[in-house]
Structure formats: C-alpha cells, structure tokens
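Hello,

Please find the structure below. My notes on its aromatic contacts follow it.

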Amino acid sequence: SVLDGYRDRTFLPGITSGEVANIWARGLTSIDLLTANEKLRFWWILLNEFLHMQHVVKLRELKMIEPVDYDAWISYTASVVKTPGAAALWPMTKSVITPTVSAAIDTHLARNPNQPSFIELNPLFVAAANERGVVGA
C-alpha cells in the first residue's frame with residue numbers, strides 16, 4: 001500500500017533537505033517562483049500527495065479507515081489544491097490520477113468553498129517566510 005512508508009517518502013525529505021522544503025514552499029506559493037526543473041520536482045511531490053489520497057479513498061471504500069481520518073486527509077489534500085501553485089497544476093495533475101480521487105477532491109472543494117489553502121493554514125510555507133529563512137534553513 002502507498003500508505004506504507006508515506007512518512008519516509010514525504011516527511012523525511014522535507015525534514016532532511018532544505019532544498020525539498022524550499023521547492024515545496026515556493027511551489028505552493030506560486031509555480032512562477034520555480035525553475036523549470038523545480039516545477040517538475042514540485043509536480044512529482046504533488047502527484048505523490050494525490051496518489052496517497054487515492055489509497056485513502058480506497059481504504060474508505062473498504063471501511064478500513066475511520067470517517068474522521070478520511071475527512072482529515074481529504075481536507076488536507078484539498079487545502080493543497082487551493083494553494084496558488086497547486087491550483088495552477090491541478091488541471092494537468094487530475095488528468096493522470098483516478099477520476100474517483102479527482103472527483104473526491106473537487107466535490108470536497110465544491111461543498112467547502114471556504115476551505116482554506118495549506119499556506120493559509122500553515123503560513124510557514126508561504127515563500128516570503130521561506131526567504132526569511134523560516135523554512136528549510
């Protein structure tokens with residue numbers, strides 16, 4: 001399952017590599033803050049998040065995850081999509097993930113139009129904060 005090793009694939013690179021944290025923060029803020037190579041890396045980070053959500057959706061269908069946990073994951077994933085950088089890539093990204101997952105995210109956003117973005121929820125990931133050395137220092 002993609003849930004196995006999620007921490008190692010997602011959190012450890014951000015914790016151990018200022019470069020990854022920096023790309024994530026700048027990418028969430030605006031893809032225009034990234035070089036062409038960094039845009040590719042940012043897209044792969046996003047894809048990893050959406051593939052993780054795919055497995056969360058499957059666990060929900062199999063009743064192997066509590067509703068409160070599903071709600072937390074869909075809210076987090078939707079908050080990422082609401083960031084300027086991820087929103088810019090969402091049309092192309094959702095074309096390569098399962099329709100079930102893209103529909104779950106889009107439905108959540110339609111039902112929750114005031115869903116804050118990830119950078120609103122965690123302003124440490126706004127690129128301006130990153131440039132001051134708050135993220136990935």
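Aromatic contacts

Trp73 and Tyr76 are both part of helix 4 (residues 67-81), where they sit three residues apart, about one turn of the helix. Please keep in mind that this is a predicted model.

A search of the whole structure gives six aromatic pairs. One of them is Trp43 with Trp44, an edge-to-face pair with 5.0 Å centre to centre and 80 degrees between the planes. Trp43 has a relative accessible area of 16% and is therefore buried, the limit being under 20%. Trp44 has a relative accessible area of 54%, so Trp44 counts as exposed, for which the cut-off is over 50%.

The helix 4 residues Trp73 and Tyr76 also form an aromatic pair, again edge-to-face, at 6.0 Å centre to centre and with 85 degrees between the planes. The pair counts because the ring centres lie within 6.5 Å, and it is edge-to-face because the angle is over 60 degrees. Trp73 is partly exposed, with a relative accessible area of 26%. Tyr76 is partly exposed as well, with a relative accessible area of 23%.

Which residues form one aromatic cluster with Trp73 and Tyr76? They are Phe118 and Phe125.

There is also a contact between a charge and a ring: Arg60 lies over the face of Tyr70, at 4.2 Å from the ring centre.

Regards

Technical notes
Residues numbered from 1 in each chain as written. Predicted model: local features only at pLDDT ≥ 70, side-chain atom pairs only at ≥ 80, totals over all residues. Heavy atoms only, no water. Phe/Tyr/Trp six-rings, centres within 6.5 Å; stacked < 30°, edge-to-face > 60°. Buried < 20%, exposed > 50% of the residue type's maximum accessible area, 1.4 Å probe, protein only. Helix = DSSP H or I, 4+ residues; strand = E, 2+ residues; numbered from the N terminus. Lys NZ or Arg CZ within 6 Å of the ring centre and 35° of its normal.
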